[in-house]
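Could you walk me through this structure, stop by stop? I have it open in a viewer and would like to know what to select next and what I will find there.

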Amino acid sequence: MTTEQAIAQPSKTPRAPWLKVDRRYLAPALITCVLLAGQLTFGFLESWSRTFLAIATAILTELVVVRALYGAWPHLASAYVSGISVGILVRSPAFWPYALCSAISITSKYVLRVRERHLWNPTNFGVVMMLLLAPDAVAGLSVQWGNNLLPMVFVWVFGSVILWMVDRLNITVTYVLSFLFFAVLRAWITGHTMISEIAPITGPMYQLFIFFMVTDPKTTVRRKWAQSLVVFIIAAVEAVFRLMQFVYAPFYALFLVGPIANLIEIWQDERRGRQGVSR
Amino acid sequence: MTRYARVALAVIFVGLLMTPFLVRRLSQPASPIATSGHVDALKQYGFRLTESAKAAGLEFVHGAPTLDPKLAHIMPQVASMGAAVSVVDVDRDGLPDLYVTDSKEGSRNRLFRNRGNGTFEDVAERLGVADLNRAEDGVSMGAVWGDYDNDGFEDLFLYRWGRPVLLHNDRGQRFTPVTDVTGLPAWANVNTAVWLDFDRDGRLDLFVGGYYSEAVNLWKLADTRMMPESFEYANNGGRKYLFRNLGGGRFEEVSAQVGLASRRWALAAVAADLRGTGYPDLFIANDYGVSEMFANDRGRFREIGREAGVGYSPKSGMNAAVGDVLNQGRFAIYVSNISEEGILLQGNNLWVPSGAVGGIPRYENLARSMGVDLGGWSFGAQFADLNNDGFLDLYVVNGFVSASQQNSYWYDYSRIAGGNQIVISDAKNWPAMGTRSLAGYQQKKLWLSDGAGRFLEVSQLVGATDRYDGRSIALADLSNHGMLDVIVANQRGPLLLYRNQVAADRNWIAFELEGGCKSDGATGCTNRSAIGAQVTVRWNGQQQVQEVSGGSGFCSQNQRRLHFGLGAGGTPDKVTVRWPSGKVQELTRPEVNRVHKVEEPA
């Protein structure tokens, strides 16, 4: 979950002067607010030390890898967001999964690449790997923060504003609508109450998922209609996983669909490039 | 350069992905014997357990209540508590007896009197403590024993989802309900109670912790909005009560007056002097939230959970037990939670004291590093030196609802647990459970201390092999021969008795304390049950402290007698008894391998 909206290309749309902020800091600002609000109000972290370990490992890995590969010092906003996300999403009584998940997440960006583009959202890759490889030591965040709607409304509003500023709100809106559509479908199939099918999206795991993971510019396709189509497919695959009773269905769905969408786009870009040259 | 760096990075990446396998391999027990199927447990671990409830005449199977039909779709998980066991010497014959609660409407609790020949007889009916699960009064959840009027006989406080009741022990011959004069609540959904002398006046007081709100009658629900408002931050549970003993069978409810207010979902509590002030502090393990620690400042309580480090990281607290796990003369606290591979890994907590700042103790959760974190869906846990090696071991029962072996409710449970307050707090939103299991058929954990800060799990190797849905554990030396037996109450399952056999070369010593208050109005002395008295045994350059408890674990109470293992050939140099009255008594080089009766000096 690099949420590299922060490092995204500048938008062409003119903005009011008060909105002219360095966008690389928007995602870190949002996720820091989420972290502080959650911990100071409810003490929701496994521990400060585990989260700091995740952040420190992510930043250190980013520094070392980028320096080794490109000889430059990277901007650390992306690694910071990844570290915090790992610190929030990973739940383990042990310390090592936090460091390992951060290290896998960041390293995956520079190893699993096609045409100099990484395919997986780093945190999504790291978390899924931990859930698959270390289920005895790791679980994901699956419970609510707090017991009222206020924190949820705050995150949703603040997150939506930031996504609007970076022109990615369409992704989140499409995903949420798709989730609701498939929740209705699942309720019809399983006979469960509608509200129990909708319940998961009211939780914090989804807040991180829809504001930081599926919207990551580096691992989403470029065209708006394609972005919406991809998240619709993610929601569809997630619904299938849910019918199969996978607790962390959204992570697995993004893990499968995200890279395929990116590969298709890369292939299309290459094909267009070749056609352009032959003309 | 970049190419080499890329190759190196790819190798490192593969290494990172392989790390979990490496960690798993390294964390396997060092001893190959620990994984073998053929172990002479007595030789290898110094003890073995043999399940022998039937042979001892302890034939009892717990039954669960049938609550309001509005809860029918999730009945197994709501009606999931009530199997409890507590130890008491009801007739002062020197032999520990067992009180076991049932929870089906109209069922009868059992009082198994120890005949002293390895068998028990049920005397509950004769003594008037059987017929206590009438539908109109609610059903039993647990019981704690304490001599509230200092007449020498342990009285019974029975808590229920319903009307709690105090029964006076009439010299071991009969029990008389005294509820009408005590000011107890007419209805409360209680899952924990502890006897303690919080103001050190020589009379036992009573803490009572509610789980569901006392406004809820689980058999006659006004509506279904009675579930926790959050999986981890719920504050809509039952209230807490503190009954100050005024003497003459009268109690005054003083929780608000002394600062003991909480609406968390209490499942377990333990009282012990955690700060060395002489006053018992109170630790409460809460379901759906953080634990609470109430410091007792000369009879007034203040919540110091966060300052002490235990009030963060909300989990599903279901047990509270104290033990001097590192033989440092200080109590660690064990709280059980939920761990399910790949779904929810809360990990149990072992809060070990690491110092104090401004009179407030600081605790660190060392469960992971000491190897006692992953139990399962853990309920009751107790510390005890089961092999008399001089170090406290830990017995933990696990398992929530064992039904279908094929189908699990975990997915639906996790779905609702992540939902917002509006969703989770209303039972009608919870998916139907049907015959599915939720963390069922789990192994128990018997963690054996190595004395160096690590525990080795040996349950299957020493004979603790059942897979029932364990709830309450109590420990007692049922034969007075220096070996602690384990009694386990299982939800919808049989009562189990694990008889203990310890290697013959291990020494032990035990202390049966009696406080100096011999009448209801006595002052300047300790309550006759000696609850709150601390005994420190020093031997071979080490020490261990234990405290007489008025209830610990989950819905349970161990024998009042304090039992210390001393290891092979261990002999104590000095034993110090610190009475709640403030008196300190010393015993020099007491004889080993016997029970010492110690009375508080005048």
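Start by selecting B:R171, which counts as exposed because it has 11 C-beta neighbours inside 10 Å. The scale here is simple: a residue is buried if 20 or more other C-beta atoms lie within 10 Å of its own, exposed if 12 or fewer, and partly exposed in between, with C-beta atoms placed from the backbone. B:R171 sits in the loop between β8 (165-170) and β9 (174-177) of chain B. Its phi is positive, about 55°, although B:R171 is not a glycine. Element names follow DSSP runs, numbered from the N terminus: helices are H or I with at least four residues, and strands are E with at least two.

A note before you move on: this is a predicted model, in which local features need pLDDT of at least 70 and side-chain atom pairs count only at pLDDT 80 or more, while totals for chains, interfaces and linings use all residues. Residues are numbered from 1 along each chain as its sequence is written, and chains are lettered from A and ligands numbered from 1 in the order in which they are written.

Now jump to B:R492. Is this residue buried or exposed? B:R492 counts as buried, because 21 C-beta neighbours lie inside 10 Å. B:R492 also has a positive phi of about 55° without being a glycine, and its loop runs between β29 (485-491) and β30 (496-502) of chain B.

Next, select residues 84-88 of chain B, which form strand β2; five of its five residues are buried. B:A84, B:S86 and B:V88 point one way from β2(B), while B:V85 and B:V87 point the other way. Strands of a sheet pair through backbone hydrogen bonds, either parallel or antiparallel. Pairing here requires that DSSP finds at least two bridges between two strands. Add strand β3 (residues 97-101) of chain B to your selection: five bridges join it to β2(B), and the two run antiparallel. Then add strand β34 (residues 556-557) of chain B, which runs parallel to β2(B) and is joined to it by two bridges. Which residues are the bridge partners of B:S86 in these strands? In β3(B) the partner is B:Y99, and in β34(B) it is B:Q557.

Stay with β3(B) for a moment, since five of its five residues are buried. On one side are B:D97, B:Y99 and B:T101, and on the other B:L98 and B:V100. Strand β4 (residues 110-114) of chain B pairs with β3(B) in the antiparallel sense over three bridges. Within β4(B), B:L111 is the bridge partner of B:Y99.

For the next stop, show the open sheet of four strands in chain B, ordered β18-β19-β22-β23 with antiparallel pairing. Its edge strands, each pairing on one side only, are β18 (321-323) and β23 (360-365) of chain B. On average, neighbouring strands of this sheet are turned by 35° against each other, direction ignored. The axes behind that angle are lines fitted to C-alpha atoms, for helices over the stretch in contact, and angles run from 0 to 180 degrees between N-to-C directions. Inside the sheet, β19 (residues 332-335) and β22 (residues 349-357) of chain B pair in the antiparallel sense over three bridges. B:Y334 has B:L350 as its bridge partner in β22(B).

Zoom in on B:G323, in strand β18 of chain B. It is buried, with 26 other C-beta atoms within 10 Å. Contact means that the C-beta atoms of two residues, placed from the backbone, lie within 7 Å. Not counting residues up to four places away in sequence, B:G323 touches B:F331, B:A332, B:F383 and B:L392. Draw a distance to B:Q382 as well: the C-alpha atoms are 8.5 Å apart, although the residues are 59 apart in sequence.

Then show both chains: 45 residues of chain B are in contact with 47 residues of chain A. On the chain B side, α1(B) gives the most, with 13 residues.

Finish in chain A with helix α9 (residues 204-213), where nine of the ten residues are buried, so the helix is largely enclosed by the rest of the structure. Among the buried residues to pick out in α9(A) are A:F209, A:F211 and A:F212.
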